[in-house]
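Me: I'm new to this one and would like to go through it with you. Can you show it to me first?

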Amino acid sequence: MTACSNTTTQFVPVPVTPIPASLLARCQPSAPPTNPLTYGASVLWNELLLTDLQNCNSQLDGIRQIEIERQK
């Protein structure tokens, strides 16, 4: 039955969604607040580092969402 059909395949270019530069920025950890690092300062620094980690994870999530949209 396929020999009787007259089907042509046409490829359509799809625009590429660029990844924003803000999502590609390098994640930099916060510097220690004091030198030498004290126990009290390390507790405060942990909060800064967790915030840095959350920001980096947000960037990765943004890139993942763009890639998911590209595959649709």
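Me: Why are Glu 67 and Arg 70 separated by about one helical turn?
Reply: This is a predicted model, where local features need pLDDT of at least 70, side-chain atom pairs count only at pLDDT 80 or more, and totals for chains, interfaces and linings use all residues. Residues are numbered from 1 along each chain as its sequence is written, and side-chain values use heavy atoms, leaving out hydrogens and water. An α-helix has 3.6 residues a turn, so residues three or four places apart point the same way. Glu 67 and Arg 70 are about one helical turn apart because they both sit in helix H2 (helices are DSSP runs of H or I, at least four residues, numbered from the N terminus), at a spacing of 3 residues.

Me: How far apart are the closest N and O atoms of Glu 67 and Arg 70?
Reply: These two form a salt bridge, meaning a side-chain nitrogen of Lys or Arg within 4 Å of a carboxyl oxygen of Asp or Glu. The closest N and O atoms of Glu 67 and Arg 70 lie at 2.9 Å.

Me: Which other side chains meet in a salt bridge, at 3.0 Å?
Reply: A search of the whole structure turns up 2 salt bridges. This one also has partners 3 residues apart in helix H2, and its N to O distance is 3.0 Å. The side chains are those of Asp 61 and Arg 64.

Me: Is Gln 59 buried or exposed?
Reply: Gln 59 has its place in helix H2. Buried means under 20% relative accessible area, exposed over 50%, and partly exposed in between (1.4 Å probe, protein chains only). With a relative accessible area of 16%, Gln 59 is therefore buried.

Me: What does Gln 59 touch, not counting residues up to four places away in sequence?
Reply: Touching here is contact, that is, heavy atoms within 4.5 Å. What covers the buried residues of H2 includes H1. For Gln 59, the residues touched are Ser 22, Leu 23, Ala 25 and Cys 27.

Me: Which residue forms a disulfide with Cys 27?
Reply: The structure holds 1 disulfide, a pair of cysteine sulfur atoms within 2.5 Å. It links distant parts of the chain, with Cys 27 in the loop between helix H1 (21-24) and helix H2 (39-71), and its partner in helix H2, 29 residues apart. Their sulfur atoms are 2.1 Å apart, and the partner is Cys 56.

Me: Does Cys 56 count as buried or exposed?
Reply: Cys 27 is partly exposed, at 33% relative accessibility. Cys 56 has 18% relative accessibility, so the label is buried.

Methods:
Helix = DSSP H or I, 4+ residues; strand = E, 2+ residues; numbered from the N terminus.
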